[in-house]
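Reader: I have a new model on my screen and would love a friendly tour. Could you walk me through it, one question at a time?

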Amino acid sequence: MSKHSILLIFIVLNILSCGGQDKKDSADFFLKGNVAFIQNNYTEALRLYNEAIAKNPDFPDAYLNKGITLMKMGQINDAREVLTEAIKLDPTLIQAILVRSESSLRLGDLKSAEEDLKKISKEYADSTRYFLIKGNLMDAMSQTSEAIADYDKAILLDKENTEAFVNRGAVYYKLHSYRLAREDFASAIKLNPAQPEALNNLGLIATNNKEWKNAIFYFDRILNFHPDDALALNNKGYVLLQTGALEDAKKLIERALDTNPKNGYALRNLGMYYDLSNEPDKALLEYNKAMEMAEPVEMLYGFTGRLYFKQKDKTKACEIWKKGTILKDSIAIEEFAKNCK
């Protein structure tokens, strides 16, 4: 589940009543950039913020909003550099420090994210956004109890913080506390009926319970809003594999791979399709592609080992299952214990 979606701050400059023409022009570009940003026209917003900075290089708010725009455009490293410039110009600009902490978190620089959050903890003692980002950091550091506590604070401060519900639910899901996870995802859906992570996770919970119709219902809701959502396409494909609709499943899984060729779960599912279609060589090709990506994919090592075992290659099967036990693959653990000792 991709779960650190951004809900960023957007401040408005109090235009200076004094100053030269360049500063007035800069303020004008800045305000036009704000309008473009609100309209989700990030390319135009970026251009206008650049114009504002060109007219007035000592304009920290323009750097801040440029950094936020770059975050929205997925240019996280560039965003962090721009936010750092904003902070150099105005070390008291705590909004920039907060957003920079999020950029560091997105880049996997947990230490820098933590340092920035510590700098502004007093100023943001009543900020739902601060506790959301801190919860995300704690989750990334595998400090689940602390993450849940921070999400609790974020929700206490804002009962409509959809992202906090989604992210707390994701932590509960990882802890196998599915009832609590379901409640949080349902709360998120009430606030935003199109929230893809919440819908996807509700679909996964239904899948785990083999409630195939409910699972397809949730995945279809995502696809109604986002027809090319790779996660929903692949997850619906998995459900169709379980219900015997192999060809329909294959079409969805291949569409998911067209969108994201490095989707390990989709490669595993395509391998499952070929496995179920009695094409073991093609199945092993896809399973091995997924394993080569070196990312955790549930049941991948279990399924791969089973196919080798079915082909009378017990040595290879046990080798695969042994690796799977290290990765906590439930099927691999079961099969290794049963067949390889």
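Author: Gladly, and let us settle one term before we start: a residue is buried under 20% relative accessible area, exposed over 50%, and partly exposed in between. Please keep in mind that this is a predicted model.

Reader: Then let me use that term right away. Is Phe 309 buried, exposed or partly exposed?

Author: The relative accessible area of Phe 309 is 33%. Since partly exposed covers the range between 20% and 50%, Phe 309 counts as partly exposed.

Reader: Which ring does Phe 309 pair with, and how are the two planes set?

Author: The partner is Trp 321, with 5.6 Å from centre to centre. Trp 321 is buried, at 0% relative accessibility. Phe 309 sits in helix H17 (residues 300–310) and Trp 321 in helix H18 (residues 314–326), so the pair ties together parts 12 residues apart in sequence. The planes of Phe 309 and Trp 321 are 40° apart, which makes the pair tilted.

Reader: How many aromatic pairs does the structure hold, and what kind of pair do Tyr 124 and Tyr 130 form?

Author: The structure holds 9 aromatic pairs. In the pair of Tyr 124 and Tyr 130, the ring centres are 6.2 Å apart and the planes meet at 5°. Planes under 30 degrees apart count as stacked, so Tyr 124 and Tyr 130 form a pair that is stacked.

Reader: Are Tyr 124 and Tyr 130 buried or exposed?

Author: Tyr 124 has a relative accessibility of 10%, and Tyr 130 has a relative accessible area of 5%. With the cut-off at 20%, Tyr 124 counts as buried, and Tyr 130 is likewise buried.

Reader: Let me step back to the whole chain. How many helices and strands are there, and what percentage of the residues count as buried?

Author: The protein chain has 19 helices and 0 strands. Its C-alpha trace spans about 80 × 35 × 35 Å along the principal axes. Of its 341 residues, the share that counts as buried is 48%.

Reader: Now for the pocket. What is the volume of the largest pocket, and which helix gives the largest share of its lining?

Author: The largest pocket has a volume of about 1700 Å³. Its lining has 41 residues, with Tyr 173, Tyr 265, Pro 296, Val 297 and Glu 298 nearest the centre. Helices H7 (128–140), H9 (162–174), H11 (196–208), H13 (230–242) and H15 (264–276) each supply at least two lining residues. The largest share, 6 residues, comes from H13.

Reader: What is the chemical make-up of that lining?

Author: The lining residues of the largest pocket fall into three groups. They divide into 15 nonpolar, 15 polar and 11 charged.

Reader: Next, helix H12. Why do its buried residues lie on the same side?

Author: An α-helix has 3.6 residues a turn, so residues three or four places apart point the same way. In H12 (residues 212–225), the buried residues include Ala 215, Phe 219, Ile 222 and Leu 223. They lie on the same side of H12 because the arc they cover around the axis is only 95°.

Reader: Which exposed residues sit on the other side of H12?

Author: Opposite the buried residues, H12 has two residues that are exposed. They are Lys 213 and Asn 224.

Reader: And H10: what arc do its buried residues cover?

Author: The buried residues of H10 (178–191) are Ala 181, Asp 184, Phe 185, Ala 188 and Ile 189. The face turned away from that buried side carries the exposed residues Arg 179 and Lys 190. The buried residues are on the same side of H10 because they cover an arc of only 140°.

Reader: One last puzzle, about the loops. What is the phi of His 176, and what is the phi of Lys 210?

Author: Most residues other than glycine have a negative phi. His 176, in the loop between H9 and H10, is exposed at 57% relative accessible area, and Lys 210, in the loop between H11 and H12, is exposed at 62%. Both phi values are positive: about 65° for His 176, and near 60° for Lys 210.

Conventions:
Residues numbered from 1 in each chain as written. Predicted model: local features only at pLDDT ≥ 70, side-chain atom pairs only at ≥ 80, totals over all residues. Heavy atoms only, no water. 1 Å grid on protein atoms, 1.4 Å probe; cavity = no way out; pocket = protein on both sides within 12 Å on 5 of 7 lines; lining within 4 Å. Points joined across faces, edges and corners; volume = space filled by probe spheres on them. Helix = DSSP H or I, 4+ residues; strand = E, 2+ residues; numbered from the N terminus. Nonpolar A, V, L, I, M, F, W, Y, C, P; charged D, E, K, R; others polar. Phe/Tyr/Trp six-rings, centres within 6.5 Å; stacked < 30°, edge-to-face > 60°. Buried < 20%, exposed > 50% of the residue type's maximum accessible area, 1.4 Å probe, protein only. Expected span 1.5 Å × (residues − 1). Arc of directions from axis to C-beta.
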